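Okay, thanks for coming, everyone. I've got one structure to show you today, so let me put it up on the screen.

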Amino acid sequence: IEAATYLFNDLWVHLLSIANNPELSLLEVNRQSGLLILDLRDGLGDAMVQLFMGASRHSPELLRFSKDMRDLTLDIWTPRVMHDMNLKKPAARAQIWMMSGAFWGIRQLMRDGVISRKQALIQFERLIVSLTVAPPSV
């Protein structure tokens, strides 16, 4: 748990500084966050995706940590997404979770050699534009 906390805290601090930067548009915030995740060292990124997606079901401590990590991630982004996308809290949290899964998924495809980093960036850009530009109000 101590190692997982150390790994997540460093990433969390970076994501928090990006999310809270009022000079960045939501599109740019997503770009910077996605690049941060795409560029994690392989071992760190692999550990983080396992923790983030809750793949530690055999350990109640790690399972709790994974849930707490997901909750913190949602808490980081919820105010920004509610404001910028004009969404209510449940819709904002759903949007954040979908984007988070996409960030980690595209990273994993790149890591597995399914797509190149260049192709990952192209697909990632398409995704964030489609989800952040002129979204419907819910």
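I'll talk through one helix and then an aromatic pair. Keep in mind that this is a predicted model.

So, helix H6. That's residues 117-132, 16 residues in total. From its first C-alpha to its last it reaches 22 Å, and that's close to the 22 Å you'd expect at 1.5 Å a residue.

Now, which residues of H6 are buried? They're Ala-120, Phe-124, Ile-128 and Thr-132. Those four sit on the same side of H6, because the arc they cover around the axis is only 70 degrees. Go round to the face turned away from that buried side, and you find Lys-118, Arg-126 and Ser-130, which are exposed.

What covers the buried residues? Helix H2, 26-38, and helix H5, 89-111, are among the elements that do.

Hang on to H5, since the next bit involves it. The structure holds one aromatic pair. For a pair like that, you describe the distance of the ring centres and the angle of the planes. Here the rings belong to Phe-103 and Phe-124, with centres 4.9 Å apart. The planes are at 50 degrees, so we call the pair tilted: edge-to-face would need over 60, and stacked would need under 30.

Where do the two partners sit? Phe-103 is in helix H5 and Phe-124 is in helix H6, 21 residues apart, so this pair links distant parts of the chain.

And how accessible are they? Phe-103 is buried, at 7% relative accessible area. Phe-124 comes out at 4%, so that one counts as buried too, the cut-off being under 20%.

Methods
Residues numbered from 1 in each chain as written. Predicted model: local features only at pLDDT ≥ 70, side-chain atom pairs only at ≥ 80, totals over all residues. Heavy atoms only, no water. Helix = DSSP H or I, 4+ residues; strand = E, 2+ residues; numbered from the N terminus. Expected span 1.5 Å × (residues − 1). Buried < 20%, exposed > 50% of the residue type's maximum accessible area, 1.4 Å probe, protein only. Arc of directions from axis to C-beta. Contact = heavy atoms within 4.5 Å. Phe/Tyr/Trp six-rings, centres within 6.5 Å; stacked < 30°, edge-to-face > 60°.
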